[in-house]
Amino acid sequence: ARVLFDQSITGTWDSRFAEIELVTLMELAHAVEFNGFNISDLPAKPGLKTPTRIINLFNVDLRISLAWDTDDTDVDLHVVEPSNEECYYGNRNTRIGGSLSRDFTQGLGPEEYLLKKAIPGTYIIKAKYFANHKQSLTGATTLLVSIFKKYGDQEHEEKKFVSVRLSGNQELLRVAEVQFP
């Protein structure tokens with residue numbers, strides 16, 4: 001597994017998968033911590049170079065991941081914070097520290113929102129079905145939204161998964177809410 005993570009992080013990807021390393025690093029940090037390992041103790045193939053010094057940076061109060069099942073599709077993640085500021089592809093970094101990953105306009109996502117320290121209040125999660133760039137015989141696109149509170153905290157982590165089927169381009173859909181504390 002470590003070798004596959006290293007290849008995902010340090011390998012060369014098609015441009016439509018740029019920044020997939022962030023998602024892989026989040027998952028690697030999570031897997032290592034939840035299995036009681038120190039990442040530097042894990043066996044690695046010589047020459048592979050997971051940046052172990054940054055693994056501990058990935059414990060966050062809120063992590064929201066949006067993925068979809070139709071290739072070559074653009075779905076945008078929007079998160080409205082309690083301050084009423086909206087984090088989306090046009091405002092990727094918010095005043096309270098929210099951060100949105102790259103805007104994936106092709107492929108299957110994921111787009112991710114991270115917030116190191118959440119402020120009290122309601123976080124509204126929306127998805128905008130911007131465009132489908134190819135003809136699909138499978139019909140509408142299905143979204144999977146993964147919501148993690150206290151991500152990386154073994155004792156307090158909460159997770160929720162929401163699946164939504166979209167019907168048309170340009171649809172902006174309210175998907176879920178998260179309440180802090």
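Me: Helices (H or I, at least four residues) and strands (E, at least two) are DSSP runs, numbered from the N terminus. In which loop is Thr-70 found?
Reply: This is a predicted model. In it, the side chain of Thr-70 makes a polar contact with the side chain of Asp-69, at 3.3 Å. Thr-70 itself sits in the loop between β1 and β2.

Me: Is Thr-70 buried or exposed?
Reply: The cut-off for buried is under 20% relative accessible area. Thr-70 has 3%, so this loop residue counts as buried.

Me: What pattern of helices and strands does the chain follow?
Reply: The chain has 2 helices and 9 strands. Read along the sequence, they give α-α-β-β-β-β-β-β-β-β-β.

Me: What is the strand order of the open sheet of 5 strands?
Reply: Pairing in this sheet is antiparallel. Its edge strands are β4 (99-100) and β8 (158-165), each of which pairs on one side only. Reading across the open sheet, the order is β4-β5-β1-β7-β8.

Me: How many bridges join β1 to β7?
Reply: β1 covers residues 60-68 and β7 covers residues 142-151. Trp-68 has Leu-143 of β7 as its bridge partner. Ala-67 stands opposite Leu-144 in β7. The two strands run antiparallel, and the number of bridges between them is 8.

Me: Which residue of β8 is the bridge partner of Ile-147?
Reply: β7 also pairs with β8, in the antiparallel sense and over 8 bridges. Opposite Ile-147, the partner in β8 is Lys-160.

Me: How many of the residues of β7 are buried?
Reply: β7 pairs with β1 through 8 bridges and with β8 through 8 bridges. The strand is mostly covered; of its 10 residues, the number buried is 8.

Me: What is the positive phi of Lys-150?
Reply: Most residues other than glycine have a negative phi. Lys-150 lies in strand β7. At 30% relative accessibility, Lys-150 counts as partly exposed. Although not a glycine, Lys-150 has a positive phi of about 55 degrees.

Me: Which residue takes a positive phi in the hairpin of β7 and β8?
Reply: The hairpin has 6 residues between its strands. The positive phi is near 95 degrees, and the residue is Gly-152.

Me: Where does Asn-84 lie?
Reply: Asn-84 has a positive phi of about 80 degrees, although it is not a glycine. With a relative accessible area of 63%, Asn-84 is exposed. Its place is the loop between β2 and β3.

Me: How many salt bridges does the chain count?
Reply: A pair counts when a side-chain nitrogen of Lys or Arg is within 4 Å of a carboxyl oxygen of Asp or Glu. Arg-174 and Glu-177 qualify, with their closest N and O atoms 2.2 Å apart. Glu-177 is partly exposed, at 41% relative accessible area. By this rule the count is 4.

Me: How many residues apart are Glu-112 and Arg-63?
Reply: Their side chains meet in a salt bridge, at 2.6 Å from N to O. Glu-112 is in strand β5 (residues 111-115) and Arg-63 in strand β1, so-called distant parts of the chain. Both residues are buried. Their separation in sequence is 49 residues.

Me: Arg-95 and Glu-85 meet in a salt bridge. Which of the two is exposed?
Reply: The N to O distance is 3.8 Å. Arg-95 lies in the loop between β3 (86-87) and β4 and Glu-85 in the loop between β2 (73-80) and β3, so the pair ties together parts 10 residues apart in sequence. Glu-85 is buried, with a relative accessible area of 11%. At 71% relative accessibility, the exposed residue is Arg-95.

Me: Which residue does a cis peptide bond join to Phe-180?
Reply: Most peptide bonds are trans. Here omega is about 0 degrees. The residue joined to Phe-180 is found in the segment after β9 (171-180). It is Pro-181.

Me: What share of the residues in the chain is buried?
Reply: The chain exposes about 9600 Å², with carbon and sulfur atoms supplying 52% of it. Among contacts with a separation of 6 or more, residues 24 or more positions apart account for 69%. Of the 181 residues, the buried share is 43%.

Note on methods:
Residues are numbered from 1 along each chain as its sequence is written. This is a predicted model: local features need pLDDT of at least 70, side-chain atom pairs count only at pLDDT 80 or more; totals for chains, interfaces and linings use all residues. Side-chain values use heavy atoms; hydrogens and water are left out. Two strands pair if DSSP finds at least two bridges between them. Buried means under 20% relative accessible area, exposed over 50%, partly exposed in between (1.4 Å probe, protein chains only). A polar contact is a pair of N or O atoms within 3.5 Å; within protein, one must be able to donate a hydrogen and the other to accept it, and residues adjacent in sequence count only if both atoms are side-chain atoms. Contact means heavy atoms within 4.5 Å. Accessible areas come from the Shrake-Rupley method with a 1.4 Å probe; for residues, only the protein chains shown count as cover.
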